[in-house]
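Reader: I should like to understand how this protein chain is organised. May we begin with its interior?

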Amino acid sequence: MFFRRKSNRKDIGPTSQGPAGRGRAIVIVSLALVLSALAVFALEWADKAFPPPLAEAETVSAEVLDRDGLLLRAFATEDGLWRLKTTAEDVDPRFIEMLIAYEDRRFREHHGIDPLALGRAALQLMTNGRIVSGASTLSMQVARLIEPRERRTLMAKLFQIARAIQLERRLGKEKILDLYLTHAPYGGNLEGVRAASLAWFGKEPRRLSTGEAALLVALPQLPEKRRPDRNLAAAEAARKRVLARAAVAGVIGEGEAERAAMTAIPTVRLQLPAHAAHLAETARRKNPAAHQHLTTLKREVQRGLETVARESAAKLGPRVSVAMVMAEVRTGEILAEVGSADYFDAGRSGWIDMTRITRSPGSTLKPFIYGLAFEEGLVSQETIIEDRPADFFGYRPRNFDMSYQGDVTVRQALQLSLNVPAIRLLDAVGPSRLMVRFRRADVRPKLPQHEAPGLAIGLGGVGITLRELVQLYAGLANGGWPVRLGDAIEDVPGTVDGEPLLSAVAAWQVADILSGVLPPAGSRRHGIAYKTGTSYGYRDAWSAGFDGRYVLGVWVGRPDNGAVPGLTGYGAAAPILFEGFAKAGIAITPLPGPPAGAVRLAQTDLPISQRRFSVTANGLLSGSAREAAPQIVFPPEGARVELGAQGSATMPLTLKLQGGRAPFRWLANGRPLPEVTRRRVSQWHPDGSGYSTLTVIDALGRAASVRVFVQ
């Protein structure tokens, strides 16, 4: 009898082991790999052959921004949409959390489509025979927003799914979210969260209340049917649903949801910010391809001055306009520029930017005449000067009120803006030299064609723009050192290389006088140094003033150059200047103290030659016919003098002169040297290196000056 030994080995069929089974497995795996490769290839080919319209999606509204990135003005896109570029960083984080919780709670996990949401939507469709809930992810919504389809069909949905997968592969979650925040519809021509927040709440979406965030989440689903200004009940119901779902998701608490649901919803759509209209138009014209234009302006200052200009013009008359420019004294950065009272007011020709139109400046250039006279040592603040009728070779200036004050101090003459004393000083310093000083500040006033500078420039016989005038006053306020105004669109702010507009001492003397001018009626004294001007025929009223940090210029008049009876700088422009400083939202900075060598001497302490500014009947400086006027022979004009050191003391500089009548008074940078001398050789110990102005005055009041560089 034969017994078969039981084997522990299991029979293995040909499909799991053996040559035939292994071959079949290899075929299946190879086929899967080939199919996967073909799928990847097809996907790559389709992605390249049919790319999503990302370039078109980047079309947004052009924005003009202030120095802090705040919106000054936006321009609608070519198809009339307010679509402001928005990123997640621009939006309150609470809004992002509520959006994802309400629209696509698995947004961070899926790859463009949510299979669970699709399955749920399909089951509800089969069970109820109608669509109960959608399955669109934020990625799918972005695909629909950047490439809208007129009809909502199955093919359109499949195409949307394909696009969503493309976007996920190309962009990633954060950029897809940014596209949604930029393109989400909010009714009418509003697109994007920033445009909606500005239109409904009047603010950027960086800080939103819970109720505001919920409303902005709810509106894009049915933007027209839920517009708060047209369908308040629908908007409230939609917001309530968003709050409820956010509470369930744990984004907010139940109590917070209830409180937010009770807050009021805005029912009026606001206008988007529209400030600095002239500058905005210029920015767009210069660089039409840019979607952002950064300026040096400060929005709160710009808004305050625009309000002052608009309200002031309304009081002055139907065709009168107002222009204003405010800048920082040390940097030249323009904080606000108002080209007209109202850009859209045709009656006032509001589209004309009056900050750049050349007009007659009236008496606003007088401070620079006095500054030059101070610098050359011709006068001090308490020097007596005559305000009487005078004839300057046929030019007979008269005061504004046709009256004369007789003997006045230089301080009084400038504060009262007397014409004759200013022309006496201009005749002494020379109109051409005054124009040279203006060029040092990079300002070139316009003269009548083929005419040389004459005495009339002291009373407005020259053309200048408001920006140029403010630039001159910025140099005056900056201790005599000129700065170039700029708004970062047309001009770059900064210092002007070269020599100063005025010496520091002379600039302080002028500012000290102007700070004592009485403010206009009804205005409070703010510690502002200012000057007014009125052009011939009551066509232009001006006012320019400064504190220790800011300078502001005001022009009032008709853009068509028509006369406005009774229009004056003191009566019309000065009140606007003071109101502008008050409503610009800035703190008044005290004027700086006197620099080294700047003093206000009483008349009894002045040198004899400076106690009275003497002139002849023809308006010329008096002198002796037998004696030549003093002339400095050393150091010569423009010399560079190297002074060594003896121990710890700086070597003195020898001063030599010819002509003139003794005794002589020397001044260095406007500061009198300790002694009056009868010798024609003196010595001066410089305070340090740099440019210095040396002046000598003889007993008859005649003066000579040179400018040297000491090192």
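Author: Certainly; this is a predicted model, in which local features need pLDDT of at least 70, side-chain atom pairs count only at pLDDT 80 or more, and totals for chains, interfaces and linings use all residues. Residues are numbered from 1 along each chain as its sequence is written, and side-chain values use heavy atoms, with hydrogens and water left out.

Reader: Which residues is Phe-368 in contact with, leaving aside its neighbours within four places in sequence?

Author: Contact means heavy atoms within 4.5 Å. With neighbours within four places in sequence set aside, the partners of Phe-368 are Leu-434, Phe-438, Leu-472, Tyr-473, Leu-476, Leu-501 and Leu-502.

Reader: Which helix gives the most residues to the largest nonpolar core?

Author: A nonpolar core is a set of buried Ala, Val, Leu, Ile, Met, Phe, Trp, Tyr and Cys residues joined through side-chain atoms within 4.5 Å; buried means under 20% relative accessible area, exposed over 50%, and partly exposed in between (1.4 Å probe, protein chains only). The largest such core has 73 residues, and Phe-368, Leu-472 and Leu-476 touch the most other members. Helices (H or I, at least four residues) and strands (E, at least two) are DSSP runs numbered from the N terminus. The greatest contribution to this core, 8 residues, comes from helix 18 (residues 466-477).

Reader: Why does Ser-692 count as buried?

Author: Ser-692 belongs to strand 23 (residues 690-697). Ser-692 counts as buried because its relative accessibility is 5%.

Reader: What percentage of the residues of the protein chain count as buried?

Author: The protein chain has 711 residues. The share that counts as buried is 50%.
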